[in-house]
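Hi there,

Here is the structure I promised to pass on. Please open it alongside this email, and my notes on its charged side chains follow below.

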Amino acid sequence: MRLRVPPGRQGRLWLSARLGVAARGAELLEQKRWALMTEVRAVMLAGERQLELSVHNRGCAAEVKVSRGSVMGVVFPDHATTTASEGGLLLGGSAAFDRAVDAWRSALALGVQAAAAERAHAEVSREFALTARRERVIERVWLPALSAALRDLDLRLDEMERQDAIRAR
């Protein structure tokens, strides 16, 4: 990769500043990658059982509330709750029916939490992959290119100073 560096000492200052920014960017992306990896693990551990559960109910409405969380700028579903209305459920049934209704509500709540966990996992995983890619580009492309350009410019500046010193003598 060829960089267009300003000539002379201005170029050295420009390259030094760019090198510092690239190094700090790589460091921040590594921190973000580790934070996201921790979040991915937490989501997977919390949602493993919930992802296996699902329930369908017809004729009864449910309200879902999802709160959003954020880790280093990545927004994802953090917590989901649900409330099911009584509409569509037959009241006055047996004790077994009451237990089935309670189980349905519990399964509905777990299903909503599982969906939120799955979405959070997808969002965090996607951002984790992008962050790792950006970090690799900075570390493998930009930092070496900027370092090489700075070395070349330092050599040219040293040579120019030597030539000026020789002319002055």
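In this predicted model, R24 and E27 form a salt bridge, with 2.8 Å between the closest N and O atoms. Both residues belong to helix 1, which covers residues 8-47, and they sit three residues apart, about one turn of the helix. R24 is partly exposed at 41% relative accessible area, and E27 is also partly exposed, at 39%.

Helix 2 spans residues 95-168 and holds both R119 and E123. These two make a salt bridge as well, their closest N and O atoms lying 2.9 Å apart. Here the spacing is four residues, again about one turn of the helix. How accessible is E123, buried or exposed? E123 counts as buried, because its relative accessibility of 15% is under the 20% cut-off. Its partner R119 is partly exposed, at 48%.

Further along your list to look at is the pair R162 and E159, whose side chains meet in a salt bridge at 2.9 Å, N to O. They are three residues apart in helix 2, which means that about one helical turn separates them. R162 has a relative accessibility of 48% and counts as partly exposed; E159 is partly exposed too, with 35%.

One more spot to look at: K32, E127 and R134 are linked in a network of salt bridges. Altogether, the count comes to 11 salt bridges. As general background, side chains of opposite charge can pair when their charged atoms come close.

Happy browsing, and best wishes!

Definitions and conventions. Residues are numbered from 1 along each chain as its sequence is written. This is a predicted model: local features need pLDDT of at least 70, side-chain atom pairs count only at pLDDT 80 or more; totals for chains, interfaces and linings use all residues. Side-chain values use heavy atoms; hydrogens and water are left out. A salt bridge is a side-chain nitrogen of Lys or Arg within 4 Å of a carboxyl oxygen of Asp or Glu. Helices (H or I, at least four residues) and strands (E, at least two) are DSSP runs, numbered from the N terminus. Buried means under 20% relative accessible area, exposed over 50%, partly exposed in between (1.4 Å probe, protein chains only).
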